[in-house]
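Trainee: I should like to learn how helices and single residues are read in a model of this kind. Could we begin once the structure is displayed?

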Amino acid sequence: MDSQIKQEIIDLTKAMLETFTKEYIKAYTIQLTKKAIKDAKAVPSPYLLEPRPKDHDKSDIFSGYLVKLGAIRKNWLKRHFVVRYDYSIDYFVDDTHSNRKGTINLCGYSVNDDPNKSGLDRVLKIAEKMGVDTSSVPKPAQLPPFTIELYHYSRRSYYIQCANEEEFKEWIEIFKTCCRRSIGFKNKDPCHIAAFGIAVRNTRWSLGRWGWFGYGGNENQILADVIMDEIEYDILGRALSKLPNAPWFIRNYLRNKMMTVIEGMVSSAVAPAWSGLNKTVEELRPTIEPRIKNQVDPIAQAQNSIINKMRESMMSQIKPAMEEHVNKHLKKIIGEIRSPIENGFDESLRIWNEKTNAYNGNGSTESFSPYRSYPNSYWTMYPAKDKISPLYNVIEEYRTIFKDYSSYYICYDIKESINNMAYDGAYTLEKTVTQDQVDVASAKNQTHSKYQHDVILGTNMQMKFVVREMVKPTLCKIINPLTKPLLNSLSSAIPSAIGDFIDINELYNQLIDDILADSTQVVIDDLN
C-alpha cells in the first residue's frame, strides 16, 4: 500500500471519527431531552396489549444438535446448540452442558442459506475489484448440503450443518432472529443506543451516503465497520488496482495482507476515540440531566414551535416534490402491500386463539410456562410470517422509482412486529389472570378484544412504515438541498438557553416522517 493511499485512509478515519463525536454528543443530549419530555408527558401507548417485559421469560428459546466446522482444524464436530433468552448462542460437547465450547453473538452478522454461492460471489467480487480475470479464479471448496453460513466480513464466520431440510429451514430463521435481536452494545442505556444509531446515520449522511445501512456489534466494532464501509466505497478500489500483476493466489494473499493492515489502522484509531468519547458523555450526563428536567416545558414548546414554522416555510418546497415523486404512487403501493400485511397480523391472531384455547392450566404462573413461549417456535409462527413473504417482490418492483432501501429489512421488520404482538398477546393473558386476578375465560375474551384492536392498528402502522422506508431516502435527496437554507435560518433562531437540547435536523426528520405518515393515512382512509 503506497503512502498516498495510507494517508487518505488516515485522513478519512480521523474526519469520520471527528464527525461521529460531534454527532454523538449532540444526539445523546437530544435523547436525554426526549426521555425527559416523554417521562413528563407520559403519553399512553395506542396499543392495548401489554408489552411483554424483556426479562419476563428467561428460559432458553431453542436448542438442538448441529454440526459445526472448526475454526482451526477445519473438521466437522457435532455440538449441542442452545439459544438463550437474550439471543446469544452457547454450544456444548453434548446436551448435558457440562463442557461449553463457545458462545456466539450474531449481532451484525448475516445468515446465508447457500454458502457455496455466497462464498463464490465474494471471491468473484474481490477479483473484479483487483482487475483479475474471473475465469482464472479457483472456486472455493464446496460445503455439504444443508450448511448455513453465519457471515461477517471482518469477524469469524461460522459454518453450521443441519441434518435435514426441516432443521435447515428452522435454524435459518432462528439464526436470523438472533442476528436481529441480539444486542452487541456494551452500554445498554436506551438513550445511548438510540444516539449511537443517529450518529452513525448522520455521519454517513455527511458523506452523501444515503439509505439503509446494516450494522451490529459493540461500539468499537460498529464504528470500525462504518469507517471500513466508507474506505471500501471511496478508496479500496484504487488501492487494490495498484497491486502487482500476478496470479490470483498471490494477489489475493497480498489483498488479505492489505486488508489486515487497513483494519488494524482503523481499529487502533477507533478504540481510543470511543473510549474518550464514552468517558466524556458519562461525565456529562449528571451535569446535563438536571438542566433538561428544569426546562422540559420550554424545550417542548420550542420544539413544537419550530416544527410548525418548518411546515409553514418549507411546504412550498416539500409539497411539489411529494406530488411529483410520492403521492402519485401511494394508492398503488398501499393497494399492493396491504393484503400481505393484513393477512400476517390476522394469522397471528388465529394462532393466538388456537394456543389460548388449548391452554387448560389452573391460572398459576407456573401453568403458563409452556404457553408463554409459543411465539419462540419457528413452525408455530411460520404461517403468520409466511403471509408477509409475497411483500418482498412487491417492494422490489419499486426500485426503478425509489432507491436506497432494503426490501429484506422491511419484510423482516414486519415479521418481527407480528412476532412481538404474539409475545404481547401471550403476556397480556397471563398478566390478566395471574396479576389482575381475572378468571381465565374472562381474561381470554378481554385479551382477544385487545388483540383484535392491535391487529388493525399494527397493520396500519406497518403500511406507514413500508411507505416511509421505501420513499424517504429518495424524497430527502430531492428536498434536502432546497430546505437547507431554511433549516439554517430556523436553527439560528433557537434561544441560546435551550439550544443544546434541540436538534434542528432531528425535528426536520420528524417533520418528513409526519408528512409521509399523513399522506399515507389519507390514502388508507380513501381505500377503506
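Mentor: Let us begin with burial in one helix of this predicted model. In helix α4, the buried residues are Cys191, His192, Ala195, Phe196, Gly197, Ile198, Ala199, Val200, Asn202, Thr203 and Arg204.

Trainee: Which helices do the buried residues of α4 pack against?

Mentor: Their partners are α1 (3–41), α5 (219–241), α6 (248–294) and α13 (504–527).

Trainee: How is the length of α4 read against the span expected at 1.5 Å a residue?

Mentor: One compares the expected span with the separation of the end C-alpha atoms. Helix α4 covers residues 190–206, and its 17 residues should span 24 Å; the end C-alpha atoms are 24 Å apart, so the two values agree. Just after α4, Gly208 adopts a positive phi of about 80 degrees.

Trainee: What do length and burial look like in α11?

Mentor: Helix α11 has 28 residues and reaches 41 Å from its first C-alpha to its last, close to the expected 40 Å. This helix is mostly covered, with 25 of its 28 residues buried.

Trainee: At what angle do the axes of α9 and α11 cross?

Mentor: The axes of α9 (residues 378–386) and α11 (residues 407–434) come within 10 Å and cross at roughly 130 degrees. Angles over 145 degrees count as roughly antiparallel and those of 65 to 115 as roughly perpendicular. The pair α9 and α11 is therefore oblique. The crossing of these two helices is right-handed.

Trainee: Which residues make the contact between α9 and α11?

Mentor: Helix α9 contributes Met381, Ala384 and Lys385, while α11 contributes Lys415, Ile418, Asn419 and Ala422. By character, the residues of this contact divide into 4 nonpolar, 1 polar and 2 charged.

Trainee: Turning to single residues, is Thr432 buried or exposed?

Mentor: Relative accessibility decides this, and buried means under 20%. Thr432, which lies in helix α11, has 4% relative accessibility and therefore counts as buried. Leaving aside neighbours within four places in sequence, Thr432 is in contact with Gln437, Val438, Ala443, Gln446 and Thr447.

Trainee: Why does Tyr233 count as exposed?

Mentor: The cut-off for exposed is over 50%. Tyr233, a residue of helix α5, counts as exposed because its relative accessibility is 57%.

Trainee: How far apart are Tyr233 and Glu396 in sequence and in space?

Mentor: Tyr233 and Glu396 are separated by 163 residues in sequence and, C-alpha to C-alpha, by 24 Å in space.

Note on methods
Residues numbered from 1 in each chain as written. Predicted model: local features only at pLDDT ≥ 70, side-chain atom pairs only at ≥ 80, totals over all residues. Heavy atoms only, no water. Axes fitted to C-alpha atoms, helices over the stretch in contact; angles between N-to-C directions. Helix = DSSP H or I, 4+ residues; strand = E, 2+ residues; numbered from the N terminus. Parallel < 35°, antiparallel > 145°, perpendicular 65-115°, else oblique. Left-handed = near helix turned anticlockwise from the far one by under 90°. Contact = heavy atoms within 4.5 Å. Nonpolar A, V, L, I, M, F, W, Y, C, P; charged D, E, K, R; others polar. Expected span 1.5 Å × (residues − 1). Buried < 20%, exposed > 50% of the residue type's maximum accessible area, 1.4 Å probe, protein only.
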